[in-house]
Each structure stands twice: as C-alpha cells, then as structure tokens.
Amino acid sequence: MRIENQVTLEFPSRSANEGFARTAAACFAAQLDPTLEEVNDIKTAVSEAVTNAIVHAYPDTLGKIVLKLRIREDHSLEIIVKDWGVGIADVEQARTPLFTTGNEERSGMGFTIMESFMDALKVRSAPGKGVTVTMARRIARRAGR
C-alpha cells in the first residue's frame with residue numbers, strides 16, 4: 001500500500017517524551033480528519049507503546065526510541081515504535097493480558113490496550129535486539145469531506 005505522507009521522530013527514553021510522542025501522533029493524524037474518539041484511541045495506543053519502550057526496553061539506562069508515522073492511501077495511519085533495548089524473549093507470553101516483567105505498578109495490559117484501540121498490531125522482538133511494534137488504524141472518511 002502506497003505511503004502518502006510520513007514522519008520519523010527520534011527521542012531518548014525519558015518518561016517526559018511519552019506525552020510528546022502521543023501529541024505528535026495526534027497532530028500528524030489530524031490530516032486524516034479523525035473523530036475525537038479516533039484521536040484518543042491513537043493517543044492511547046502510542047502512549048502504551050512508548051511507555052513499554054521506556055519502562056521495559058531500557059530499565060537501567062537511557063536509550064533511543066524511534067516513532068514512525070505513515071499515512072497510507074487507504075486512509076489508514078501506520079504507527080511504528082522501535083527501540084534497541086533488552087528485547088522480549090517470548091512475544092506471545094508478553095501479549096497475554098496481565099503478564100508483566102515490571103514491578104507491581106505495571107498492569108501487564110499494554111499490548112492488550114494497543115490491540116483494542118488499533119485495527120492491527122504486530123510485535124517483533126529478540127532478546128538483546130529491541131522491539132518493533134507496528135500498529136495500524138483505518139480512519140473512517142466522513143460524509144462531505
């Protein structure tokens with residue numbers, strides 16, 4: 001599917017950058033004229049993916065996170081969040097609701113939340129090689145637009 005527009009952002013794995021990432025994604029998605037509900041879904045999914053990278057990929061150090069946003073010709077938004085951190089040994093287990101490698105503050109619902117707000121979710125990882133989360137959301141065309 002042909003890409004109509006795209007942007008790539010790179011930032012350190014500081015918790016303050018989670019808000020930046022979710023706002024940037026919402027601003028970029030605005031060109032698709034999404035509803036407020038669609039914008040909130042996108043922001044939530046991006047927040048979960050970036051927070052996972054901040055908390056789990058680099059538990060004891062700062063690292064690099066890349067956020068790629070692409071608008072495709074089918075009026076969909078593709079979101080890619082990539083890190084080069086510790087990786088995930090068992091992706092299927094990590095996608096299980098309530099599973100977490102974090103402390104008691106972590107809910108283990110990140111991938112479940114991403115999946116519930118997006119049309120598609122793909123997670124690729126290998127231990128020591130980082131994680132790439134790819135999400136897609138088709139934005140409904142509104143009448144009269």
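In which helix is glutamate 38 found? I looked this up before anything else and located glutamate 38 in helix α2. The model I worked from is a predicted one.

**Entry: overall layout**

I counted four helices and five strands in the protein. Reading along the sequence, I noted the pattern β-α-α-β-β-α-α-β-β. I then checked burial, and 43% of the 145 residues count as buried. I also looked at contacts between residues at least 6 apart in sequence, and 66% of these join residues at least 24 apart.

**Entry: helices α1 and α2**

I recalled that two packed helices are described by the angle between their axes and the distance between the axes. For helix α1 (residues 16-29) and helix α2 (residues 36-57), I recorded an angle of about 145° and axes 8 Å apart. The crossing in which α1 passes α2 is right-handed. On the α1 side, the contact is made by Glu18, Ala21, Arg22, Ala25, Ala26 and Ala29. On the α2 side, I listed Val39, Ile42, Lys43, Thr44, Val46, Ser47, Val50, Thr51 and Ile54. I sorted the residues of this contact by character and obtained nine nonpolar, three polar and three charged.

**Entry: glutamate 18 and arginine 22**

Two residues of the α1 side, Glu18 and Arg22, drew my attention again when I turned to salt bridges. Glutamate 18 forms a salt bridge with arginine 22, and I noted 3.9 Å between the closest N and O atoms. Both residues lie in helix α1, four residues apart, which is about one turn of the helix. I classed glutamate 18 as buried because its relative accessible area is 18%, under the cut-off of 20%. Arginine 22, with a relative accessible area of 25%, is partly exposed.

**Entry: glutamate 38, aspartate 41 and arginine 137**

I returned to glutamate 38 and asked which side chain of opposite charge is nearest to it. That side chain belongs to arginine 137, 4.5 Å away. Glutamate 38 is buried yet has no salt bridge, because a salt bridge requires the nitrogen and the carboxyl oxygen to be within 4 Å. Leaving aside neighbours within four places in sequence, I found glutamate 38 in contact with Arg137, Arg138, Ile139 and Ala140.

I next asked what arginine 137 does pair with, and found a salt bridge to aspartate 41 at 2.9 Å, N to O. Aspartate 41 lies in helix α2 and arginine 137 in strand β5 (residues 130-138), so the pair ties together parts that are 96 residues apart in sequence. Both aspartate 41 and arginine 137 are buried.

**Entry: further salt bridges**

How many salt bridges does the count come to? I obtained six. One joins glutamate 78 to arginine 70, with the closest N and O atoms 3.0 Å apart. Glutamate 78 is buried at a relative accessible area of 13%, and arginine 70 is buried at 18%. I also recorded one network, in which salt bridges that share partners join Arg2, Glu4 and Glu73.

**Entry: isoleucine 65**

My last look-up was isoleucine 65, which lies in strand β2 (residues 64-72). Its relative accessibility is 0%, so isoleucine 65 counts as buried. Leaving aside neighbours within four places in sequence, I found isoleucine 65 in contact with Leu9, Glu10, Phe11, Ser13, Val50, Ala53, Ile54, Tyr58, Val81 and Lys82. Among these, Val50 and Ile54 also appear on the α2 side of the contact with α1. I noted further that isoleucine 65 and glycine 85, 20 residues apart in sequence, are 9.1 Å apart in space, C-alpha to C-alpha.

Notes. Residues are numbered from 1 along each chain as its sequence is written. This is a predicted model: local features need pLDDT of at least 70, side-chain atom pairs count only at pLDDT 80 or more; totals for chains, interfaces and linings use all residues. Side-chain values use heavy atoms; hydrogens and water are left out. Axes are lines fitted to C-alpha atoms, for helices over the stretch in contact, and angles run from 0 to 180 degrees between N-to-C directions. A crossing is left-handed if the near helix is turned anticlockwise from the far one by less than a right angle, and right-handed if clockwise. Contact means heavy atoms within 4.5 Å. Ala, Val, Leu, Ile, Met, Phe, Trp, Tyr, Cys and Pro count as nonpolar, Asp, Glu, Lys and Arg as charged, and the others, Gly among them, as polar. Buried means under 20% relative accessible area, exposed over 50%, partly exposed in between (1.4 Å probe, protein chains only). Lys and Arg count as positive and Asp and Glu as negative; His and the chain ends are not counted.
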